[in-house]
Amino acid sequence: MSYPQLRSQDPEIEHETRSGLPGLVLAALGVVYGDIGTSPLYAFREALHATMGSGSHRENVLGILSLIVWALTIVVTVKYVSFVLKADNRGEGGTLSLMTLARESLSNRPAWVLVFGVAGASLFLGDAIITPAISVLSAVEGIQVVAPALSAWIVPITLAIIAVLFFVQRFGTGGVASVFGPVMALWFVVLGVSGTVHIVDDLDVLWAVNPLHALRYASSNVGTTITVLGAVFLAVTGAEALYVDLGHFGRRPIVTAWFVLVFPCLLLNYFGQGAFVLANPEMAAHPFFGMHPDWAKIPIVCLATAATVIASQAVISGAYSLVRQAMHLNLLPRLQILHTSETHSGQIFMPQVNSFLFIFVVALVLQFRNSSGLSAAYGIAVTGEMLITSVLLYVVMRRIWNWKTIIATAVVLPLVIIDAGFLAANVAKFADGGWVPVAVACTMGLIMQTWMSGRRLLAARTKMDEIPLAAIVDKLAQKQPPTVPGTAIFLTSDIEGAPTALLHSLKHYKVLHEHNVILSVVTAATPFVPDDEKIFLESFNPRFSRLIITFGYMETPNIPRALVLVRKLGLKFDIMSTSFFLSRRTILPSKRRGMPFWQDRLFIALAQNAGNATDYFGLPTGRVVELGLQTTI
């Protein structure tokens with residue numbers, strides 16, 4: 001059974017050549033494992049609370065520990081590390097990358113794959129508003145153990161940390177990221193050591209590695225099993241980050257970090273918490289902070305807060321990257337992208353996304369006010385995304401890895417059953433707060449669906465009025481209008497039709513430039529496109545050329561930079577004597593056709609608030625001419 005190479009060169013080799021495996025492993029600790037690494041703060045505690053004091057305390061602890069151990073083993077180690085990380089799209093991972101990979105492998109490109117990709121992306125954004133809230137809040141709650149009198153300050157301190165976290169996003173994460181890895185490495189070492197120290201409190205906890213404890217607990221506590229599973233799932237939230245950040249580090253550093261440090265330390269800490277509450281049942285309310293000696297409590301609270309800020313940063317950066325991918329795949333309107341690094345294109349800041357996340361995170365903290373309340377809202381989005389990943393993985397196994405149906409089914413079906421079980425367990429928390437990420441995901445899904453449908457209607461309406469480019473070129477060759485010096489570049493999304501801006505320019509100015517280039521920008525189904533494959537240049541006659549520039553969906557579509565490559569192909573022009581012509585559309589709703597009237601209004605609002613093409617394509621503002629027109633959809 002083989003995994004065919006899906007990229008032109010192995011990104012792991014490229015990454016390791018640049019930075020070395022140890023450096024990449026350390027960096028992966030700071031970005032990839034922040035979320036799952038902070039789960040011990042609340043996962044075991046919430047699962048224990050979910051038992052509601054029923055049954056034997058010892059059997060509850062062993063059953064919960066066994067469920068956590070096997071959840072980490074099956075969901076993370078087997079599913080993500082063994083299979084999902086191998087389903088890369090030219091080295092890139094994430095829901096949209098997997099969707100693109102699966103869709104391209106099917107000849108008819110079925111709509112259901114696109115729907116799954118949109119749903120997965122929407123669910124990730126729903127998850128992104130909860131992670132900063134629950135992570136920071138759970139760390140600051142350590143104050144209750146250190147100084148109970150300061151409990152009233154937990155929410156204000158949490159809000160202050162979150163406000164600072166979102167405010168500093170505009171300055172970039174490059175400098176801060178350099179300390180993320182060492183801090184998280186220290187965090188995992190502390191998790192492992194503190195857990196090891198307390199395992200000796202009751203060595204029976206080690207028997208939790210036997211899956212029979214999990215099965216026996218589930219069969220003996222049918223009434224609470226669903227609730228407990230919803231809490232146990234908190235231990236694996238963040239597993240999707242392994243795949244999302246695949247393109248940043250490559251598979252080998254992520255896998256190495258998991259097996260060498262993360263997985264062992266997580267298991268040791270959960271076992272330590274279990275042994276601690278067996279020996280000290282009265283400390284079940286806050287086992288993580290309670291298991292540390294008094295002299296270590298304040299440093300642990302500080303370290304936990306730093307770790308949760310890092311976990312939040314990883315999710316925020318992931319949201320930026322996801323939205324940028326969605327924009328380039330035409331799933332969302334153009335939003336402002338600010339680059340915070342001159343050397344790393346992946347380090348970006350998106351003001352609108354940042355504001356959106358900040359408002360919702362603050363609202364969640366004010367609404368729930370404690371991590372136990374927020375844990376009810378956590379999980380539905382993540383489990384939904386994981387289930388979608390399993391389904392798309394099956395397509396990749398069958399269509400790209402060429403696995404036999406029976407083998408692919410034997411691997412994926414158990415994973416789907418487990419994901420569906422966790423989803424069912426989390427759906428049970430819907431009324432207690434689980435509706436929050438679902439509402440956010442549904443809103444984002446509606447926005448994406450509206451944008452895609454609106455764009456299709458707009459393209460169809462434009463195509464009805466357009467004139468074939470070849471006809472215009474032939475007509476202008478026969479009856480040439482007066483010419484002016486310089487080069488005119490007309491941007492259009494339709495490769496075959498004459499740009500609206502060209503028609504309006506001829507109509508109003510009644511002149512033609514010496515050189516005219518019809519430019520279309522295309523987004524590829526791959527994350528990056530090599531320079532030698534970016535440019536397609538076709539000359540109609542000495543005055544007219546067609547230029548198609550192809551960017552990967554992870555690239556920033558910078559036209560002036562791409563034009564440097566065009567010069568190598570023989571198209572000579574001076575950027576200072578070149579004008580870029582764009583058409584600015586005023587869209588009007590129609591009650592008779594297309595989408596419902598309210599959805600027309602939503603599409604128009606999205607279009608009006610989209611970033612302008614000048615900034616999006618990096619065009620020199622002093623060389624841009626915009627021509628307006630009205631279109632009814």
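What follows is a short working chat about a predicted model.

Q: What kind of model is this, and how are residues numbered?
A: The model is predicted; local features need pLDDT of at least 70, side-chain atom pairs count only at pLDDT 80 or more, and totals for chains, interfaces and linings use all residues. Residues are numbered from 1 along each chain as its sequence is written, and side-chain values use heavy atoms, with hydrogens and water left out.

Q: How many helices and strands does the chain have?
A: There are 28 helices and eight strands. Both are DSSP runs numbered from the N terminus, helices being H or I with at least four residues and strands E with at least two.

Q: What is the radius of gyration of the chain?
A: It is 27 Å, close to the 26 Å that the globule rule gives for 633 residues, so the chain is as compact as a globular protein of that length. The radius is taken over C-alpha atoms, and the rule is 2.2 Å times the number of residues to the power 0.38.

Q: And what box do the C-alpha atoms fill?
A: Roughly 95 × 55 × 55 Å, taken along the principal axes.

Q: What share of the chain is buried?
A: Buried residues are 56% of the 633. Buried means under 20% relative accessible area, exposed over 50%, and partly exposed in between, with a 1.4 Å probe and protein chains only.

Q: On to the sheet. In what order do the strands come?
A: The order is β5-β6-β4-β3-β7-β8, in an open sheet of six strands with mixed pairing. Two strands pair if DSSP finds at least two bridges between them. The edge strands are β5 (535-539) and β8 (624-632), each pairing on one side only.

Q: Which strands does β3 pair with, parallel or antiparallel?
A: β3 (residues 483-491) pairs with β4 (residues 512-523) in the parallel sense over seven bridges. It also pairs in the parallel sense with β7 (residues 578-588), over four bridges. Val484 has His513 in β4 as its bridge partner, and Ala488 stands opposite Ser579 in β7.

Q: How many bridges join β7 to β8?
A: Nine, and the two run parallel. One bridge partner pair there is Ser583 with Leu627 in β8.

Q: Where is Arg623, then?
A: Arg623 is in the loop between α28 (613-616) and β8. Its relative accessibility is 22%, so Arg623 counts as partly exposed.

Q: What does Arg623 contact?
A: Leaving aside neighbours within four places in sequence, Arg623 is in contact with Ile575, Met576, Ser577, Thr578, Ser579 and Phe580. Contact means heavy atoms within 4.5 Å.

Q: Is His213 buried or exposed?
A: His213 counts as buried because its relative accessibility is 14%. His213 lies in helix α12 (residues 211-220). Beyond residues up to four places away in sequence, His213 touches Glu59, Leu62, Gly63, Ser66, Trp207 and Ala208.

Q: Different topic: how do α2 and α16 cross?
A: The axes of α2 (residues 21-31) and α16 (residues 251-279) come within 8 Å and cross at roughly 70°. That makes α2 roughly perpendicular to α16, a term for angles of 65 to 115 degrees. Axes are lines fitted to C-alpha atoms, for helices over the stretch in contact, and angles run from 0 to 180 degrees between N-to-C directions.

Q: Which residues meet there?
A: Leu21, Leu24, Val25 and Leu29 in α2 meet Arg252, Pro253, Thr256, Ala257, Leu261 and Val262 in α16.

Methods. Parallel < 35°, antiparallel > 145°, perpendicular 65-115°, else oblique.
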